[in-house]
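Please examine the sequence and the three-dimensional structure displayed below. The paragraphs that follow consider a packing arrangement and then a surface around nucleic acid.

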Amino acid sequence: MLATACRILATHQRTRPTPLRILPTAEEDASATVCIRSGTGASDGAAPAQEDVRRARSIETPSPCLTADAHVSPWSPPPSDSTGTTTTTRRRRWRLVSYNAAISRCSRAGLYRRALALFHEMRGHGLRADEYTLPPLLNSAALLRSPPAARALHALLLRAGLASHLHVANALVDAYAKLARPAAARAVLDEMPRRDVVTWTSLLTGLARAGDHGAAVRVYHEMAADGVDPDEFAVAAVLSSCAGSTMLDLGRSVHAAAARRGFEPFLSVGNSLVSMYAKTGALRDARTVFDAMPARCTITWTAMIVGHAQNGRGRQSLDIYTDMVRSGCRPDYVTFIGLLFACSHAGLVDAGRAHFRSMVNDYGIAPGPDHYACMVDLLGRAGRLEEAMDMLNRSSTELDATVWKALLGACRVHRNVELAERLAEMVWRLDPTDAVPYVMLSNLYSRARRWGDVARIRALMKSRGISKEPGCSWVGVNGVTHLFHVEDHGHPRAAEIFRKVEEMTERIRAEGYVPDTDWALQDEAPEGREKALAYHSERLAVAFGLLAVPVAAPIRVFKNLRVCGDCHAAIKMVAKVYGREIILRDANCFHHMKDGACSCGDYW
DNA sequence: CTCACATAAG
């Protein structure tokens, strides 16, 4: 504990941040004030917290219970002893509890600045934080996205000797996890004398948030080794990471264990199961779980809508949405992202426009950049670039890079180089380190055979120190993940795999496959380009799948980037020639390939 | 009066 303590204190000493003075925003003050029931005057020094307690409380539970249970509430005057006098220490105790309650209410109501300001005020009255004060404060600091505030509270709790309280330490782990500082969360956890399921779950979600789903899954196993049993929270969290790391087999085993422990009826567990199965391409299992759920919520329905859309079942997504509304469940902001995404992937332009309007008119949801990005994607794919631009021009929402990137994607379909160049400039201005515009531009130039421009973009990327995520594909066999890069000879069975790729190429050529060298990005001679295509990572993974996956089972291949068009055509044909079902999930959606056809309808 | 979960395109 000491090492971390010294470091934190030293940092705090050196930088002397004053983050605890973060004041409530005007809106927070307004929303708090609106809720005050009567025109009681400002609280005096004797009962400083009462007004804030009342505010915070009334925010969450607007009216009647406030007066109804006032006589039993902890902020009523402290009970007097037999002689009718109240000791100073008892009064201080009541004021501390009142402040704690107020801080907790504010934190829960989303008034994070207010919570921190109350703490500041409380200290002004000579009251010290205890083990009840700190967790909601840490939570507020984390949700305000303020690492300095979190570090200051960390320093404070060390000085106050509160670090050994399990709840306080858990809140600290969670705060670092929420702030996407998994290493700091881990350091705190490692120094704790004992950990419970909350500690581990906090770290696990922190890793998941940072995108390290493999590490999250390892933490789940570590928890078991530490002698801590998972509960429904931990199960829901780890299932999400199983989905994130495409570990379907592990997801199934967690499902089985959760069922044995009786966690299946929990809404969050059902929701994460539906999502996990859908995201790993096992739609049938997602449906089975969904049908068996005792209750469903917006998240459940949204997971189903998105899952079907990702698996190329956009029309079914719309049917599910109809059922959702019919069941009385209200769609939210995220539901509409999924719904518009479904329309976009199924090419349902009219339905997409209608749902966009319905979102605003029927549900009063203001469209965000996310919705605009989906609409741009939808209109762009359908060749309505002009309409997409019109829509953006008319919008009053502040648009961000996601929208410009969606438009860039539309340019990819329509090969509109000039517009793409302008958009790339806009994205660069917002985030110079984003590799997406470079890759998009390079692909566009490449398809236009403008090799000079391709080289220029590559040089630009290099000079700016930006690297594109290398493409890779993997396939799971008997619980082991086999990973491949382009022209990768690193696998123990590489020779066999490359022979299989050559066999694949020969057999599909016999069926009429012609390589589409436009997809090759290097400005090489045609033969070289063809060769590079033939050994893309997805083809190596498929070849290995043909060798290692039992004939009756589908071959499930995952790719971190979007599948290349030539590989898409080739693998479709491989599925037909070899009589196999191949499920290829790329960065964008699933491709269920069978009998020479793909669930995406060649539209992705 | 305190801590952990599930849905999101590119």
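For the helix pair discussed here, the axes are lines fitted to C-alpha atoms over the stretch in contact, and angles run from 0 to 180 degrees between N-to-C directions. The model is a predicted one. In it, helix H25, spanning residues 436-447, packs against helix H26, spanning residues 451-463, at an angle of about 165°, and the two axes are 8 Å apart. Because angles over 145 degrees count as roughly antiparallel, H25 is roughly antiparallel to H26. The crossing of H25 with H26 is left-handed.

On the H25 side, the contact is formed by Tyr438, Leu441, Ser442, Tyr445 and Ser446. H26 contributes Trp451, Asp453, Val454, Arg456, Ile457, Leu460 and Met461. By class, the residues of this contact comprise eight nonpolar, two polar and two charged.

Attention now turns to DNA strand B. This strand is surrounded by 41 residues, of which Arg108, Asp231, Ser268, Asp370 and Asn588 are the closest. Of the atoms of DNA strand B that come within 4 Å of the protein, 47% belong to sugar and phosphate. The residues of the surface near the strand consist of 13 nonpolar, 18 polar and ten charged.

Individual polar contacts add detail to this surface. The side chain of Lys178 places an N or O atom 2.9 Å from a phosphate oxygen of DNA strand B. Two acidic side chains approach the bases instead: a polar side-chain atom of Asp231 is 2.5 Å from a base nitrogen of the strand, and for Asp370 an N or O atom of the side chain is 2.3 Å from a base nitrogen.

Methods
Residues are numbered from 1 along each chain as its sequence is written. Chains are lettered from A and ligands numbered from 1 in the order in which they are written. This is a predicted model: local features need pLDDT of at least 70, side-chain atom pairs count only at pLDDT 80 or more; totals for chains, interfaces and linings use all residues. Side-chain values use heavy atoms; hydrogens and water are left out. A residue is near a molecule or strand if one of its heavy atoms lies within 4 Å of it. A polar contact is a pair of N or O atoms within 3.5 Å; within protein, one must be able to donate a hydrogen and the other to accept it, and residues adjacent in sequence count only if both atoms are side-chain atoms. Ala, Val, Leu, Ile, Met, Phe, Trp, Tyr, Cys and Pro count as nonpolar, Asp, Glu, Lys and Arg as charged, and the others, Gly among them, as polar. Helices (H or I, at least four residues) and strands (E, at least two) are DSSP runs, numbered from the N terminus. Angles under 35 degrees count as roughly parallel, over 145 as roughly antiparallel, 65 to 115 as roughly perpendicular and the rest as oblique. A crossing is left-handed if the near helix is turned anticlockwise from the far one by less than a right angle, and right-handed if clockwise. Contact means heavy atoms within 4.5 Å.
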